[in-house]
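Please take a moment to look at the sequence and the model shown here, and keep both in view while reading. The paragraphs that follow move from one part of the structure to another.

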Amino acid sequence: MTRRGFGTPVAPAPEWLAMRRLRHLTDAHRTGSTNRALGYLMAFNAGAINAGGFLVLQLYTSHMTGFMSMLADSLVLGQTALVLAALGALLAFMTGAAVSAILVNWARHMHLRSTYALPLLLVALLVLVFGLVGAVTTHWTTWFAVPLTVLLLSFTMGVQNATLTKMSHATIRTTHMTGVVTDLGIELGKMLFWNRAGREAPQPVHANWSRVRLFSGLLVMFLAGGIAGALGFQHWGFVCVVPLALLLMAVSLPPLWADARHWHQRWQRPASDN
């Protein structure tokens, strides 16, 4: 807060507050508001990628439940190509989650501010690659009998889901809505529960309204992202995700820049002392 004239407090301009929030959106220090804001953004990203990917590939590339069912059905039916496709998507998603865990834990050990910015920057770069060369990679078949694009998107969603899960202590998941819908249903059940009055009544049940707002917001943003992705791919093709990739890069870079400056100062300090 700044002062003007005779020491009169002046609140920061709204645009400065927005810039500060954007700058700290992927910082290692987390708050409930930054977790929610980042969760909404990444839910929009996942919705757009899933919807657009389905239009191109006829597959929802973050839907691991569906791939597990495909794997089971295909094993029984002896459809080797579909078995390989399901295995490829599952392994790519799992590998992405493992890479996210490695990056987050390494950054924590190094005491970096970019603990979550590192894997989210990787997500942004992969989305950018998908937007720029996705049309080409859809024709590059792999050993798993699916185009390289399927593995790329599954890996990307694995990185994103693991990062948001670790960041929010498993409260926020953005690449699939099964858990979100379940948690929202639980809170709605609490809301509708009749609390019996009387001396021997059990502890009353109340809905957690902050969780209701969070899960409702994630659902809305995932749906909005899906609509935007479907419309974008229908009219402009792969390039429609490039602005989204650039936005993710913008929110990931500030903590990385702060870490770079910090380490640069540490390396320069011995030289200046001499």
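In this predicted model, the buried residues of helix α8 pack against three other helices, namely α2 (32-57), α5 and α7 (178-192). Which residues of α8 are buried? They are Val212, Leu214, Phe215, Gly217, Leu218, Phe222, Gly225, Gly226, Gly229, Gly232 and Phe233, a list that the reader can trace along the helix in the structure. Helix α8 covers residues 209-235, and because each residue should add 1.5 Å, its 27 residues are expected to span 39 Å, which agrees with the 39 Å between its end C-alpha atoms. After α8 comes glycine 237, whose phi is positive, near 80°.

With this helix in mind, it helps to step back to the whole chain. The protein chain holds 9 helices and 2 strands, and when its elements are read from the N terminus, they run β-β-α-α-α-α-α-α-α-α-α. Of the 274 residues in the chain, 41% are buried, while the accessible surface amounts to about 15500 Å², with 67% of that area belonging to carbon and sulfur atoms. If one takes the contacts in the chain with a separation of 6 or more, 70% of them are made by residues that stand 24 or more positions apart.

Charged side chains offer another way into the structure, since the model has 2 salt bridges, a salt bridge being counted when a side-chain nitrogen of Lys or Arg is within 4 Å of a carboxyl oxygen of Asp or Glu. In one of them, the side chains of lysine 190 and glutamate 187 meet at 3.5 Å, N to O; because these two residues are 3 residues apart in helix α7, they are separated by about one helical turn. The side chains of glutamate 187 and arginine 211 also meet in a salt bridge, at 3.2 Å, N to O. This pair links distant parts of the chain, for glutamate 187 is in helix α7 and arginine 211 is in helix α8, 24 residues apart. Glu187, Lys190 and Arg211 are thus linked in a network of salt bridges.

Are the members of this network buried or exposed? Glutamate 187 has a relative accessible area of 2% and is therefore buried, whereas lysine 190, at 30% relative accessibility, counts as partly exposed. Arginine 211 is likewise partly exposed, with a relative accessible area of 27%.

Helix α6 (residues 148-167) provides another example of a buried residue with a polar side chain to follow in the model, asparagine 161. With a relative accessible area of 6%, asparagine 161 is buried, because buried means under 20% relative accessible area. Leaving aside neighbours within four places in sequence, asparagine 161 is in contact with Phe93, Arg173, Thr174, Thr175 and His176.

Leucine 148 also lies in helix α6, yet its relative accessible area is 32%, so it is partly exposed. Which residues make the nonpolar surface patch to which leucine 148 belongs? The patch, of about 520 Å², is made by Val129, Leu132, Val133, Val136, Trp140 and Leu148. Helix α5 (residues 117-137) gives the most to this patch, with 4 residues.

Conventions. Residues are numbered from 1 along each chain as its sequence is written. Side-chain values use heavy atoms; hydrogens and water are left out. Patches are made of residues with over 30% relative accessible area and no salt bridge: like charges are joined within 9 Å, nonpolar side chains (Val, Leu, Ile, Met, Phe, Trp, Tyr) within 5 Å. Accessible areas come from the Shrake-Rupley method with a 1.4 Å probe; for residues, only the protein chains shown count as cover. Buried means under 20% relative accessible area, exposed over 50%, partly exposed in between (1.4 Å probe, protein chains only). Contact means heavy atoms within 4.5 Å. The expected span of a helix is 1.5 Å times one less than its number of residues.
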